[in-house]
Amino acid sequence: MRILLFGPPGVGKGTQADLLSKEYNFTKFSTGDFLRGQISLSSPLGIEVKAYIERGSLVPDDIIMRLVRIFLSENRDGNIIFDGFPRTMNQALMLEKVLGEVDMSVDFAVELHLDEEEIMRRLLSRQHCPHCGKIYNNVTDIQENGGICSTCGHTLMKRIDDDEAIIKRRIKVYEEETKPLVDYYKSKHVYRSIDASGSRDEVFNKISEIINEYTDKK
Ligand code: AMP
């Protein structure tokens with residue numbers, strides 16, 4: 001099964017992708033996590049994409065599609081959950097083409113919704129562990145304790161793009177570049193919309209219902 005999770009920044013795509021991949025044995029591919037990993041390694045790709053991410057712009061489609069092609073060539077048969085990909089119509093069309101080449105398609109494109117005020121509140125208090133990737137947030141449900149990761153003991157950090165002006169820009173980019181995917185996936189009958197204002201578990205249960213209903217029918 002191929003599931004896409006999309007939505008504006010701060011709606012909990014990464015958290016839900018982690019929960020779903022554990023529960024259903026999906027392989028998760030987060031383009032954002034992958035790119036941040038490259039930046040922290042100072043690899044040539046990391047150096048190339050750093051400025052885009054820091055100013056809240058999208059990384060060019062050709063770079064993203066190169067990564068996705070490599071990922072798919074290594075994960076041909078499995079259940080895949082894409083977190084934060086595709087983000088443009090062009091990426092969606094290219095994904096369809098690449099999946100089509102191996103007789104696959106997108107089963108669900110799940111959009112998570114949240115109003116701008118709540119996005120801001122969540123993102124301004126978000127921290128993450130640079131070592132294991134665990135996300136902490138004192139306004140949602142994973143509390144941090146003294147700035148140290150409870151899983152691996154590393155010092156927590158804020159993402160450089162979780163800054164008020166950059167968050168506003170990321171939301172605008174979402175509306176302009178990514179929102180058109182809604183009509184596209186509606187036309188493919190795979191679009192689902194989820195209210196992400198509840199707790200982590202409530203949102204997880206709503207997405208699980210969609211997956212369970214689909215697998216029961218098969
Ligand atoms: P995320 O972790 O999903 O919030 O992504 C963080 C940043 O990485 C975005 O603001 C973009 O700069 C970049 N990025 C992640 N995924 C994509 C994508 N599919 N297309 C273009 N840029 C992306």
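**Notes on the ligand site and Asp 162**

1. Start with Val 59: one of its backbone N or O atoms sits 3.0 Å from a nitrogen atom of the ligand. Keep in mind as you look around that this is a predicted model.

2. How much of the ligand's accessible area does the protein cover? On its own the ligand has 480 Å² of accessible area, and the protein covers 96% of that.

3. Two other polar contacts are worth finding on screen. Ser 57 also uses a backbone N or O atom, which lies 2.6 Å from an oxygen atom of the ligand. With Thr 31, a polar side-chain atom is involved, and that atom is 2.8 Å from a nitrogen atom of the ligand.

4. Now for the wider shell. There are 15 residues around the ligand, and the ones that come nearest are Thr 31, Arg 36, Ser 57, Val 59 and Gln 91. Sorted by class, the shell has 6 nonpolar, 5 polar and 4 charged residues.

5. Which helix gives the most to this shell? That's helix 2, residues 31-41, with 4 residues.

6. Next, have a look at Asp 162. You'll find Asp 162 in the loop between strand 6 (135-137) and helix 7 (164-178). Is Asp 162 buried or exposed? Its relative accessible area is just 3%, so Asp 162 counts as buried, the cut-off being under 20%.

7. As for the neighbours of Asp 162, leave aside residues up to four places away in sequence, and Asp 162 touches Leu 123, Leu 124, Arg 126, Ile 167 and Arg 170.

Definitions and conventions: Residues are numbered from 1 along each chain as its sequence is written. This is a predicted model: local features need pLDDT of at least 70, side-chain atom pairs count only at pLDDT 80 or more; totals for chains, interfaces and linings use all residues. Side-chain values use heavy atoms; hydrogens and water are left out. Helices (H or I, at least four residues) and strands (E, at least two) are DSSP runs, numbered from the N terminus. Buried means under 20% relative accessible area, exposed over 50%, partly exposed in between (1.4 Å probe, protein chains only). Contact means heavy atoms within 4.5 Å. A residue is near a molecule or strand if one of its heavy atoms lies within 4 Å of it. A polar contact is a pair of N or O atoms within 3.5 Å; within protein, one must be able to donate a hydrogen and the other to accept it, and residues adjacent in sequence count only if both atoms are side-chain atoms. Accessible areas come from the Shrake-Rupley method with a 1.4 Å probe; for residues, only the protein chains shown count as cover. Ala, Val, Leu, Ile, Met, Phe, Trp, Tyr, Cys and Pro count as nonpolar, Asp, Glu, Lys and Arg as charged, and the others, Gly among them, as polar.
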